Amino acid sequence: MIPPSNPYTRMQRAYYDNAVESMAQTNHRGHDSNPDYRSILLGPVVDKPEFWRGKAALEVGCGLGRNIDNLLHLAAWRTVDGCDISPRLVEGAERYLTGRGYSRFKLYAVSGVDLAPIADETYDFVVSTLVFQHI
């Protein structure tokens with residue numbers, strides 16, 4: 001729950017809740033072609049996919065699930081989960097990933113203040129893109 005004393009986080013949630021349809025048009029796929037995306041951000045997975053077999057990953061700020069989709073293609077994870085401040089984006093990610101045939105994921109709507117209800121020390125790999133500039 002976002003406390004009423006936190007107007008910035010409330011504004012961010014409202015913005016992304018209202019942006020679902022426009023974000024769904026491309027699901028930010030244009031970012032996939034940036035050479036730094038695979039070499040830097042996903043480099044540890046691209047370089048050694050066998051290392052991640054059976055492990056768990058989390059994307060903070062998962063939006064509609066593009067990075068979860070990419071991660072699930074790169075290694076044999078036990079699970080690739082995601083969280084986002086927007087419940088509507090989480091619902092959209094659920095539809096997107098289920099529609100692509102995935103079942104090894106969980107999604108969480110979080111407050112943007114912390115990651116509750118996600119338990120500490122759950123994940124072996126955590127990734128986030130285009131999120132921290134909002135903090």
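Which strands does helix α5 (residues 66–74) lie across? In this predicted model, the helix lies across β1, β2, β3 and β4. Against β2, helix α5 runs at about 170°.

## The sheet

Let's start with the strands. Four of them make up an open sheet, in the order β3-β2-β1-β4, and the pairing is parallel. At the edges sit β3 (107–109) and β4 (125–127), each of which pairs on one side only. On average, and ignoring direction, neighbouring strands in this sheet are turned by 15° against each other. As a reminder, strands of a sheet pair through backbone hydrogen bonds, either parallel or antiparallel.

Now for the pairings themselves. β1 and β2 run parallel and are joined by five bridges. One residue pair to look for here is valine 60 with its bridge partner in β2, cysteine 83. To get from β1 to β2 the chain passes through α5, and this β-α-β crossover is right-handed. β1 also runs parallel to β4, with three bridges joining them, and alanine 57 stands opposite phenylalanine 125 in β4. Over at β3, strand β2 (residues 79–84) pairs in the parallel sense through three bridges. There, aspartate 84 has alanine 109 of β3 as its bridge partner.

## Inside β1

How many of the five residues of β1 are buried? Five of the five are, so this strand is largely enclosed by the rest of the structure. Ala56, Leu58 and Val60 point one way, while Ala57 and Glu59 point the other way, and all are buried. That fits the usual pattern: in a regular strand the side chains alternate between the two faces of the sheet.

## Helices on the sheet

Back to α5. Seven of its nine residues are buried, so α5, too, is largely enclosed by the rest of the structure. The buried ones are Arg66, Asn67, Ile68, Asp69, Asn70, Leu71 and Leu72, so charged side chains are listed alongside Ile and Leu.

Asparagine 70 is worth a click while you are in helix α5. Its relative accessibility is 8%, and because buried means under 20%, asparagine 70 counts as buried. Leaving aside residues up to four places away in sequence, asparagine 70 touches Arg29, Asp32 and Tyr37.

A second helix, α6, lies across β2 and β3. Relative to β3, α6 runs at about 165°.

## Helix α1 and its two sides

Helix α1 covers residues 7–18, twelve residues in total. From its first C-alpha to its last, α1 reaches 16 Å, close to the 16 Å expected at 1.5 Å a residue. Thr9, Gln12, Tyr16 and Asp17 are its buried residues. Looking down the axis of α1, you'd find these buried residues within an arc of 130°, so they line one face of the helix. The general rule is that an α-helix has 3.6 residues a turn, so residues three or four places apart point the same way.

What covers that buried set in α1? The cover includes α2 (20–24) and α6 (87–99). Turned away from the buried side is a face that carries the exposed residues Pro7 and Asn18.

## Loops worth a look

Which loop holds arginine 53? Arginine 53 is in the one between α4 (43–47) and β1 (56–60). With a relative accessible area of 60%, arginine 53 is exposed, because the cut-off for exposed is over 50%. Glycine 63 is ten residues away from arginine 53 along the chain, and their C-alpha atoms are separated by 24 Å.

The loop between β3 and β4 holds proline 117 and glutamate 121. Alanine 116 and proline 117 are joined by a cis peptide bond, with omega about 20°. Glutamate 121 has a positive phi, near 55°, in a residue other than glycine. For context, most residues other than glycine have a negative phi, and most peptide bonds are trans. Is glutamate 121 buried or exposed? At 83% relative accessibility, glutamate 121 counts as exposed.

Note on methods. Residues are numbered from 1 along each chain as its sequence is written. This is a predicted model: local features need pLDDT of at least 70, side-chain atom pairs count only at pLDDT 80 or more; totals for chains, interfaces and linings use all residues. Side-chain values use heavy atoms; hydrogens and water are left out. Helices (H or I, at least four residues) and strands (E, at least two) are DSSP runs, numbered from the N terminus. The expected span of a helix is 1.5 Å times one less than its number of residues. Buried means under 20% relative accessible area, exposed over 50%, partly exposed in between (1.4 Å probe, protein chains only). The arc is that of the directions from the helix axis to the C-beta atoms. Contact means heavy atoms within 4.5 Å. Two strands pair if DSSP finds at least two bridges between them. Axes are lines fitted to C-alpha atoms, for helices over the stretch in contact, and angles run from 0 to 180 degrees between N-to-C directions. A crossover is right-handed if, with the strands pointing away from the viewer, the path from the first strand over the helix to the second runs clockwise.
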